[in-house]
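Thanks, everyone. Today I would like to walk you through one interface, going from the contacts between charged side chains to the wider surface and then to the strands.

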Amino acid sequence: MTWSLGELAVRFGCELRGDPSVRVDSVATLGGGPGSVGFVASTTYRTALRATNLGAVVLEPALADECPTAALVHRNPHATFARIASLLHPMPNLSPGIDATALVDSSAQVDATAQVGAFAIVGAGCVIGPRSFIGPYSMVGEGVVVGADTRLLTRVTLCSGTRIGARCILHPGSVVGSDGFGNARDGDGWVKIPQVGGVNVGDDVEIGANTTVDRGALGDTVIEEGVRLDNQIQVAHNVSIGAHTAIAACTGIAGSTRIGRRCMIGGGTGIGGQLTIGDDIIITGFGMVTRSIEKPGLYSSVIPVEEARLWRRIVGRIKRLDLWAARIRKLETAAGIGPAGQENDD
Amino acid sequence: MTWSLGELAVRFGCELRGDPSVRVDSVATLGGGPGSVGFVASTTYRTALRATNLGAVVLEPALADECPTAALVHRNPHATFARIASLLHPMPNLSPGIDATALVDSSAQVDATAQVGAFAIVGAGCVIGPRSFIGPYSMVGEGVVVGADTRLLTRVTLCSGTRIGARCILHPGSVVGSDGFGNARDGDGWVKIPQVGGVNVGDDVEIGANTTVDRGALGDTVIEEGVRLDNQIQVAHNVSIGAHTAIAACTGIAGSTRIGRRCMIGGGTGIGGQLTIGDDIIITGFGMVTRSIEKPGLYSSVIPVEEARLWRRIVGRIKRLDLWAARIRKLETAAGIGPAGQENDD
Amino acid sequence: MTWSLGELAVRFGCELRGDPSVRVDSVATLGGGPGSVGFVASTTYRTALRATNLGAVVLEPALADECPTAALVHRNPHATFARIASLLHPMPNLSPGIDATALVDSSAQVDATAQVGAFAIVGAGCVIGPRSFIGPYSMVGEGVVVGADTRLLTRVTLCSGTRIGARCILHPGSVVGSDGFGNARDGDGWVKIPQVGGVNVGDDVEIGANTTVDRGALGDTVIEEGVRLDNQIQVAHNVSIGAHTAIAACTGIAGSTRIGRRCMIGGGTGIGGQLTIGDDIIITGFGMVTRSIEKPGLYSSVIPVEEARLWRRIVGRIKRLDLWAARIRKLETAAGIGPAGQENDD
């Protein structure tokens, strides 16, 4: 299906500089052709912009004069491009109904407009909302509620005790509601603590491939509306993630930690248990969070790689910093300097 | 099903302070109601304890006097609570037999009391023990042995060459027995080294969601009895994990490393290959282990996040520590101090 | 099936020292018996070599005199052993054809010599090459192309837009072609950016258990020939990995990063987005890469664990390094030393 630039401008509130009758059918990079729409989010791509053959480019006002083709001007070109892309590349249409190979319990309520795919399982008492998609090999455990327009792509597992909101997307291999890691020490061994809480996922949440979200031990694990979880993230029991927080891949969040709203957590980050991370906190990738953070801002603990021979020497220095403290103090004493007011605890 | 406090006290060896005829049916936090049992493991929750409306609280003797409701007093309240919770919230009952959609090889021996779920596959020569559960989409490869009372929840994969003990729980998406990462360099490329070992999992082991345990290259990968593996852990080929060791999520263990008994490994930890970690070693979360550790104790290498602007400056300092060493020595020489006996190698 | 040492020597270009008529049927460690072949790659195992009862040992010329049994001498014993192991332990034979429970779209082209396993799904327009294996629960999305002799073991998901070369192995739980993490900020929330690119996987690639490879946002994610990916790796959208690069488990690679050829990336490594890593770069395990690396060599940023009480003190020192810089400079000024030419920016 094609759209005219005029239609796109009206629909997404852009100022159009160019011929409104030009038609496009796809999105592409700046290297794409006249049937496609691209975007430029920063001046970094100015050179590529000037050489583009795209049908139109979504950009901010400051770049409009440099665009050699039609421009769809918007103050938020990134989000506008995302909306245009969603229009031109919609998710596949559903084929409402239940696949012949799917197993749906007779007590489950599957909306007539929903689709249950091949080899899917929908347990007793489940409620599957309108226009939702239970993809192949997906298992919806007993009593689970799935909201409207939510898509479980391939082999998603929702364990009993899970509620999923509307317009969510769960990617292949994700698991929501499996047991948290609860063990009580007894002598040399462990006694498993049954995990009897659930998982409550809000509207417009995306959960990435092979990501795991554990059920609560007693209360619920909570993922508020608009949260975006990338692939291979681990969310432990009783964690709470505030609305519109985005977390990149391979991050692990330990039990009972509360993360605020609109946070951005870089990939490979580790967040300890029973912490409170406030709203609008940004953690750069590979950060290690072991204490609560209240103040909005940007936090980091990454140490970038170094040539290995030098790095080994540096690690040796780090491991001896405690001895260095004494050496520096001794020097200060000999020089009649100090004690250093700013560092009174060494 | 409900239990009286008297029954619970007798069954779990608690001293009951309160009415033995009170009946409970569930566990809950201290905020729960009179039909539930909770627990307090430390004085941190003293205030909540004093306000509780629970039917009973499991606690240690020192806290008994502060409990406004019935108290189940035990020297190990955490483990006792776990046992009570298991009684009140048992795992779902099995429906012995083989689902009509499951594929079970005619040469497999499935105990009559075991359940094989929908779309499960049980290969040639497998032995599935009494009261075991092969969950939906679970594949039990050729010749695999699964002990009594073991549960493979949803889509667990046991590759050929795997043996699983009794009373184990394998969570959704876990993979046991896939190939280790064995490659021999040859010119610019790699030659795959067939992985012909197996995996031997002891009794009472729990393996978390999307955790992977590789088969041995030649010998076996070994997980001893009582080991607890959280979600998204990677156990490489020929690793051995000693009895009752617990490992939190997102930890990776490289090939041929031996971990002792009763260790506790925090989440996000990385353990290099061909190391030996002794018994009773505790590694805090996000630790990086690159050498063997013999001495029992607590080990760490985490660097917590810092405000990013400051952290960037600190990283700059770290990267120049090698230069600092020379500066400090020069100062010491000028001051007639040293050489520092404790640090003779810089 | 058994092979004589004479046959093995001829087939793999070894010099045989010993009886060519001795027959072997398996590979084993140096502790194995006379029906097996082992190998020694370094002098570290000299003692075990001298005591071996194996039928034959693959080794380099320098060790041949110390071998008490037949020796298959080759300048690359590791790769030669790998080839012998592949001969003695071949992958299971296929049973060409489509399992009765599999769902294959009528428009898919499945080669007559390929095998489609139980509960597998092959979508519209797919092309499955000769002697390929689509394992149980594997889903091959619409239009996906799978080359000859490629094996998707159990529950592999190939999303629409994926192309897989010849002789690849994809391990259980791996997901190729799911959406990249693309979100545009809009006010407090996020707008999903449709991911319309694909994934292009070359020949002879191995992808580990539960590893995820995202499709490109606009262009393709590319895995070149001979790449080896271990378990639980995350490859984000538009990443490119050069030929014969090997990456160990639990590594995460952020979006649009380009990794060169013949790199070796240790386990647990994190690589930031939009970077360029050149050819022949080696990153040790748990490395954090936040800048592009051009020069071939060995890079590291790991900090090994330390006894925790000492480590806490060291972290305190690290966090105060910025203050130390001032203290050292003050000492230098007092001593009439410096400014330090090598470090002019503190």
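Let me begin with a term: by a salt bridge I mean a side-chain nitrogen of Lys or Arg within 4 Å of a carboxyl oxygen of Asp or Glu. With that rule, seven salt bridges are found across the interface of chain C and chain A, and please keep in mind throughout that this is a predicted model. One of the salt bridges joins R313(C) to D322(A), with the closest N and O atoms 2.8 Å apart. If we turn to polar contacts, the count across this interface is 30 residue pairs, both residues being at pLDDT 80 or more. On the side of chain C that touches chain A, helix α5, residues 321–335, gives the most, with eight residues, and the residues of that side divide into 39 nonpolar, 21 polar and 14 charged.

Now, how many residues of each chain are in contact? For chain C the number is 74, and these meet 69 residues of chain A. The area buried between the two chains is about 6,000 Å², and carbon and sulfur atoms give 64% of that. Within chain C, the residues that lose the most area to chain A are F181(C), M288(C) and R327(C), which together account for 13% of what that side buries.

Finally, the strands: β40 of chain A, residues 306–307, pairs in the antiparallel sense with β39 of chain C, residues 297–300, over two bridges. In this pairing, E307(A) stands opposite Y299(C), which lies in β39(C).

Conventions: Residues numbered from 1 in each chain as written. Chains lettered and ligands numbered in written order. Predicted model: local features only at pLDDT ≥ 70, side-chain atom pairs only at ≥ 80, totals over all residues. Heavy atoms only, no water. Contact = heavy atoms within 4.5 Å. Buried area = accessible area lost by both parts, 1.4 Å probe. Polar contact = N/O pair within 3.5 Å; in protein donor to acceptor, adjacent residues only side chain to side chain. Helix = DSSP H or I, 4+ residues; strand = E, 2+ residues; numbered from the N terminus. Nonpolar A, V, L, I, M, F, W, Y, C, P; charged D, E, K, R; others polar. Pairing = 2+ DSSP bridges.
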